[in-house]
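Reader: Hi! Could you take me on a close look at the disulfides of this model and what surrounds them? I would like the geometry, the burial and the confidence all in one go.

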Amino acid sequence: SIAELKVNGRCVCNGHASSCTIGSTGNYTCDCQDNTCGSSCEMCCPLFNQQQYQTAITSSFQCEECECNGQAMSCVYDSTVAANNQSRNTAGVFSGGGVCNCQNSTAGINCECSDICIGQLELLISDAQGLLTSVSTSFDSQMTALETVEHLLSTLANNIAKEKTNIADVLMALQQLEPNITRLEMSVESLLNRTCHLLDKVKALQLRAEMAYNHTRDRLAVVTNIHADADAALSLVQDVHTRTGGIRAEVLQRRTNAENLVNMTK
């Protein structure tokens, strides 16, 4: 009818209703579907928040029931739980971000823990607190050690800075000595040149000495030969002298004999 068209035209239901009704105060309320709630179907119903609410204006969407194991009347969507795949849906698959508002002494994202489970959780929390205390104590010790290391590093850095200053002083002193070192190098080079020149002269003198030695050795050989010849000549002269002496003695003897003969003849 025209009245129904008028009512439908005034309803904004986000695509989750095909009709709406007029309340006692004259307000229009959508007849929500797809497990949605609200006057304009602007939210999922309390126990149907396994997936994040979406409108169905451009595409279909149906709110999904949370798996709370019958221990909750409502749940909320948590994007972090969804990102970490921590919530189980009614098909037993970890998909979505529904977190149940648990009752009847249960706990957990899906109300999967009973009183025993809660006791275990409390024990785990107590252990975790003890571990946290231990870690805190260890952390304090590590911080003390770190402060000691930082102090040592600071001392080392100061020593390095001092050494750098000393090195800079040494470098400056070396730079100041560089002209003297250059002059010393020039003097050493000049001395080396003179030494090389002297060595050349020594080699020349050595060569001349070797030549003189060889010449002297040759002359000595000649003299030795002459001396040998002289010895031979002397022996010959002595032999001639000996023979001459013998002949002279014989001549004298003959003369004497002749004289004696002459005297006897007279």
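Author: Happy to help; what follows starts with confidence, then goes through the disulfides, the cores and a few loop residues.

This is a predicted model, in which local features need pLDDT of at least 70 and side-chain atom pairs count only at pLDDT 80 or more, while totals for chains, interfaces and linings use all residues. Residues are numbered from 1 along each chain as its sequence is written, and side-chain values use heavy atoms, with hydrogens and water left out.

Let's begin with pLDDT, the predictor's confidence in each residue, from 0 to 100. The chain has a mean pLDDT of 86, with 93% of its residues at 70 or more. Helices (H or I, at least four residues) and strands (E, at least two) are DSSP runs, numbered from the N terminus. Among these elements, strand β5 (residues 72–77) has the highest mean pLDDT, 97, and helix α1 (residues 2–10) the lowest, 39. Over residues 1–8 the pLDDT is below 50, and this stretch has six contacts in the model beyond near neighbours in sequence; a contact means heavy atoms within 4.5 Å. Where pLDDT is low, the predicted coordinates should not be read in detail.

Now to the disulfides, each a pair of cysteine sulfur atoms within 2.5 Å. By this rule the count comes to eight. For burial, buried means under 20% relative accessible area, exposed over 50%, and partly exposed in between (1.4 Å probe, protein chains only).

One of the links joins C32 to C41, with an S to S distance of 2.1 Å. The torsion about the S-S bond of C32 and C41 is about -105°, so this disulfide is left-handed. Its two ends sit in contrasting settings: C41 is buried, with a relative accessible area of 0%, whereas C32 is partly exposed at 27%.

C66 and C75 are also joined, at 2.0 Å from S to S. Here the torsion about the S-S bond is about 75°, so the disulfide is right-handed. Both C66 and C75 are buried.

Then there is the disulfide of C102 and C111, whose sulfur atoms are 2.0 Å apart. This link is left-handed, with -105° about the S-S bond. C102 counts as partly exposed because its relative accessibility is 24%, and C111 counts as buried because its value is 4%.

C111 lies in the loop between β6 and α3 (115–265). Its phi is near 55°, a positive value in a residue other than glycine. Another such case is N35, with a positive phi of about 60° although it is not a glycine. N35 is found in the loop between β2 (28–30) and β3 (36–37), and it is partly exposed because its relative accessibility is 26%.

Several of these cysteines turn up again in the nonpolar cores, sets of buried Ala, Val, Leu, Ile, Met, Phe, Trp, Tyr and Cys residues joined through side-chain atoms within 4.5 Å. The largest core has seven residues: L47, C66, C68, A72, C75, C100 and C111. Within that list, A72 touches L47, C100, N101, C102 and C111, not counting residues up to four places away in sequence. Another core lies apart from it, with five residues, among them C11, C13, C20 and C41.

A last stop is N89, in the loop between α2 (79–83) and β6 (98–102). N89 is buried, with a relative accessible area of 9%. Leaving aside neighbours within four places in sequence, N89 is in contact with Q50, E64, E67 and S95.
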